[in-house]
Amino acid sequence: MAQSLNTKVDFTTSAIAYLGFAEYGKIMIGDRAFEFFNDANVEKNMQFPWASIKRVEGDVSVSRKGKVKIGRQFIIVFRNEQRVRFATKDSGTVLKYIRQYIGNEKVVRQKGFFDRFFSLFRRKKK
């Protein structure tokens with residue numbers, strides 16, 4: 001049986017982890033780690049302590065009228081630049097709970113297509 005790293009659980013929701021194939025399961029955010037447990041096989045779990053997470057990139061867009069839309073997907077980037085992508089129905093709430101443990105400066109906006117494209121043409125500061 002899988003053992004949780006957390007002693008206190010703040011938030012739990014259903015989610016999808018994209019690791020080649022989509023794996024359906026539950027995300028559990030607690031005081032010590034971010035955990036994902038697979039629905040089909042509980043032994044296939046992923047546990048990420050807060051100290052190993054470098055940043056979290058969320059899919060956020062702003063419309064012309066100034067409304068902020070938070071997309072369903074977010075990416076967790078680790079110290080060794082490994083990335084794991086997750087999707088939830090309410091990713092805004094998930095990012096809010098993650099922000100409590102890793103801080104505001106580590107939850108960043110994902111670069112969009114045009115951000116990446118135009119960065120090729122911008123001058124680099126020396």
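Which side chain makes a polar contact with the side chain of E35? I looked this up first and found that the side chain of N6 does, at 3.5 Å, where a polar contact is a pair of N or O atoms within 3.5 Å, of which, within protein, one must be able to donate a hydrogen and the other to accept it, and residues adjacent in sequence count only if both atoms are side-chain atoms.

Before going on, I noted that this is a predicted model, in which local features need pLDDT of at least 70 and side-chain atom pairs count only at pLDDT 80 or more, while totals for chains, interfaces and linings use all residues. I also noted that residues are numbered from 1 along each chain as its sequence is written, and that side-chain values use heavy atoms, with hydrogens and water left out.

**Entry: the chain as a whole**

I counted 2 helices and 8 strands in the chain, taking helices (H or I, at least four residues) and strands (E, at least two) as DSSP runs numbered from the N terminus. Read along the sequence, these elements follow the pattern β-β-β-β-β-β-β-α-β-α. Of the 126 residues, 36% count as buried; buried means under 20% relative accessible area, exposed means over 50%, and partly exposed lies in between (1.4 Å probe, protein chains only). I read the accessible surface of the chain as about 8,700 Å², with 53% of it belonging to carbon and sulfur atoms; such areas come from the Shrake-Rupley method with a 1.4 Å probe, and for residues only the protein chains shown count as cover. I then looked at contacts (heavy atoms within 4.5 Å), and among those between residues at least 6 apart in sequence, 43% join residues at least 24 apart.

**Entry: E35**

I returned to E35 and placed it in strand β3, residues 33-38. E35 is buried yet has no salt bridge, and the nearest side chain of opposite charge, R32, is 9.2 Å away. For this I used the rule that a salt bridge is a side-chain nitrogen of Lys or Arg within 4 Å of a carboxyl oxygen of Asp or Glu, with Lys and Arg counted as positive, Asp and Glu as negative, and His and the chain ends not counted. Not counting residues up to four places away in sequence, E35 touches S4, L5, N6, K26, I27, M28, M46 and Q47.

**Entry: T7**

I found T7 in the segment before β1 (9-19), where T7 is exposed, with a relative accessible area of 56%. Leaving aside neighbours within four places in sequence, T7 is in contact with D31 and R32, and the side chains of T7 and D31 make a polar contact at 2.4 Å. T7 and R32 are 25 residues apart in sequence and 7.3 Å apart in space, C-alpha to C-alpha.

**Entry: salt bridges**

How many salt bridges are there by this rule? I obtained a count of 5. Side chains of opposite charge can pair when their charged atoms come close.

One of the pairs is D10 and K8, whose side chains meet at 3.7 Å, N to O; D10 is partly exposed, with a relative accessible area of 25%, and K8 is partly exposed as well, at 47%.

Another pair is K44 and E23, also listed at 3.7 Å, N to O. This pair links distant parts of the chain, with K44 in the loop between β3 and β4 (45-49) and E23 in strand β2 (residues 21-30), 21 residues apart. I noted that K44 counts as partly exposed at 43% relative accessibility, whereas E23 counts as buried at 17%. E23 has a polar contact as well, since a distance of 3.4 Å joins its side chain to that of N38. Leaving aside neighbours within four places in sequence, E23 is in contact with A15, I16, A17, F36, N38 and K44.

I next looked at E57, which forms a salt bridge with R55, the closest N and O atoms being 3.0 Å apart. E57 counts as buried, at 10% relative accessibility, and R55, E57 and R83 are linked in a network of salt bridges.

**Entry: a nonpolar patch**

Which residues form a nonpolar patch on the surface? I found F117, F118, L120 and F121, with about 460 Å² of accessible area together. Patches are made of residues with over 30% relative accessible area and no salt bridge, with like charges joined within 9 Å and nonpolar side chains (Val, Leu, Ile, Met, Phe, Trp, Tyr) within 5 Å. F118 is found in helix α2, residues 113-119, and F118 is partly exposed, with a relative accessible area of 41%.
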